[in-house]
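Subject: Structure handover

Hello,

Here is the structure for you to work with. My notes on it follow below.

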Amino acid sequence: MLTLDAETARACLAFDRLVPTLRDAFVAGCEAPERHHHHGVGNADDSTLLLMPAWSERYMGIKVVSVFPGNGKRGMPGLHASYLLCDADTGKHLAMIDGDQITARRTAAASALGASYLAREDARELLVLGAGRIGSLMAEAYASVRPIERVRVWNPTAANAERLVRDLNAQGFEADVVTDLEAAVRAADCVVGATLSTAPLIRGAWLQPGVHVDLIGSFSPAMREADDEVFERARVFVDVFGALHESGDLIEPIRSGALAETDIQADLASLCRGERPGREHDNEITVFKAVGTALEDLASATLIYEAHQT
C-alpha cells in the first residue's frame, strides 16, 4: 500500500485540474452515504469525529476527520484527516493519503466550482472571512474561475490575517487586512466565510446587488456564519441536499421561517449537469452553502493516486 504525504497530495491537486475533476465527478455521481458524526470525542467537549465513505465503479475509500476547534489556542490546525483509497473490485487497500490536503483543497475547489455558476463573470474583489488553512486557499481557487484581482481578509486574530495578506501579495494579488467587516462586505463581489463561528458574522442588510456569498464553515447545527436575512434576500444553492440537516446556517433559518426547503434552487450536481440554472442576472444575490461530500474526497484521492501511478 502506498503512503502519499501532504506535499505529494498538494502537488496533484492544482485548482486548474481539481475544479474540472470535481465537475466531472458531480456529473457522473457515486455512492456517498451520509457522513457519520461523533461529537465530544477524546478530551474536548467541542470536538467532532467524521467518517466519510464513498465508492464508484473503480475505487472506494473513506476519510477520517477529527475537528478540534480549541487547537487554535495551541497554535495547531483545528482539523486533521487521513484518506484510505481502495480497489472497488477486490477491496485491496491501495493508498493512505494525507487527508488534510484533500479536505482543504477539495473544499476550496468545490466553492470555486459553485462560484463558476453563481458569481458574476466580472467578479474581481474577494472578501475572505477566516485566515486558516481553507481561507488561505480561497483566492487561488476563485482565481481559477473568475478574474480575481483584489483580496481582502478579515480574521478575529489580526496576526493571522496579516500573515495571509503577505502570502497573497507574494502570489500577485492586491491584498489587505480589513477590520470593518460591514464595509468590506458591502464592497465585495464575492464573500467567502471560512470560519468555525457559532454566531452569524455576515448580515443580510450589508449585501449589495450582485454579490455572491459562499458559506463554508458551518458543518454542524451549532455553527453559523450568516444571519437569517442573508437567506431571505438571496437565491440559495447547496453542494448537497444533506446540508439542510447538517448546517446551522440552514437549519436555523428554516426553523425561523426565513427559508423553506423548497426555496433551495439546486444542488451542485444539478448545476454541473445543466439541469438547473445558476446565476440568472448580474443584480441578483446568490448564496452557496457547502458542507462537503465524500464524492469530492474520492475524486480528489483518485486524482492523486492516478497521477502518482504515472
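C12 is buried, at a relative accessible area of 10%. Please keep in mind that this is a predicted model.

**Cysteines**

How many disulfides are there in the whole structure? The search finds zero. A disulfide needs two cysteine sulfur atoms within 2.5 Å. For C12, the closest cysteine sulfur is that of C86, 18 Å away, so the gap is too far for a bond. C190 is in no disulfide either. Its nearest cysteine sulfur belongs to C272, at 17 Å. C190 is also buried, with a relative accessible area of 0%.

**The six-stranded sheet**

One open sheet has six strands with mixed pairing. The strand order is β1-β6-β5-β4-β3-β2. Which strands stand at the edges? They are β1 (2-4) and β2 (36-39). Each has a single partner strand, so one side of each lacks a neighbour in the sheet. From one strand to the next, the twist averages 15°.

Within this sheet, take β5 (residues 79-87) and β6 (residues 93-98). They pair in the antiparallel sense, over five bridges. One residue-level pairing: Y83 has I97 in β6 as its bridge partner. As background, strands of a sheet pair through backbone hydrogen bonds, either parallel or antiparallel.

**Helix α3**

Helix α3 covers residues 99-118. It lies across β3 (48-55), β4 (59-67), β5 and β6. Its direction is at about 100° to β5.

Does the length of α3 agree or disagree with 1.5 Å a residue? The 20 residues should span 28 Å. The end C-alpha atoms of α3 are 28 Å apart, so the two values agree.

α3 is mostly covered, with 19 of its 20 residues buried. D98 caps the N-terminal end of the helix. There, a side-chain oxygen of D98 lies 3.2 Å from the backbone nitrogen of D100.

**The eight-stranded sheet**

A further open sheet has eight strands, with parallel pairing. The order here is β9-β8-β7-β10-β11-β14-β12-β13. At the edges are β9 (174-177) and β13 (264-267), each pairing on one side only. Neighbouring strands of this sheet are turned by 20° against each other on average, direction ignored.

Helix α5 (residues 158-170) packs on this sheet. It touches β8 and β9. The direction of α5 makes about 170° with that of β9.

Two strand pairs from this sheet:

- β7 (residues 125-129) runs parallel to β8, and five bridges pair them. E125 has R150 in β8 as its bridge partner.
- β12 (residues 235-238) runs parallel to β13, and two bridges join them. V236 has I264 in β13 as its bridge partner.

Strand β8 spans residues 150-154 and is mostly covered. Four of its five residues are buried.

**Three residues to look at**

I202 sits in the loop between β10 (190-193) and β11 (212-215). Is I202 buried or exposed? I202 is buried, with a relative accessible area of 0%. Leaving aside neighbours within four places in sequence, I202 is in contact with L129, V191, L207, V213, L215, E225, A226, D227 and V230. I202 and G274 are 72 residues apart in sequence. In space, their C-alpha atoms are 30 Å apart.

R35 lies in the loop between α2 (15-28) and β2. R35 is buried, with a relative accessible area of 11%. What does the side chain of R35 reach? The side chain reaches the backbone oxygen of G292, at 2.3 Å. Not counting residues up to four places away in sequence, R35 touches L50, L51, M52, E246, V291, G292 and T293.

E246 is found in helix α8 (residues 243-246). E246 is buried too, with a relative accessible area of 8%. Which residues is E246 in contact with, leaving aside neighbours within four places in sequence? They are E34, R35, H37, F219, S220, P221, I251 and V291. R35 and E246 thus appear in each other's contact lists. V291 is in contact with R35, and V291 is also in contact with E246.

Best regards

Conventions:
Residues are numbered from 1 along each chain as its sequence is written. This is a predicted model: local features need pLDDT of at least 70, side-chain atom pairs count only at pLDDT 80 or more; totals for chains, interfaces and linings use all residues. Side-chain values use heavy atoms; hydrogens and water are left out. Buried means under 20% relative accessible area, exposed over 50%, partly exposed in between (1.4 Å probe, protein chains only). Two strands pair if DSSP finds at least two bridges between them. Axes are lines fitted to C-alpha atoms, for helices over the stretch in contact, and angles run from 0 to 180 degrees between N-to-C directions. Contact means heavy atoms within 4.5 Å. The expected span of a helix is 1.5 Å times one less than its number of residues. A polar contact is a pair of N or O atoms within 3.5 Å; within protein, one must be able to donate a hydrogen and the other to accept it, and residues adjacent in sequence count only if both atoms are side-chain atoms.
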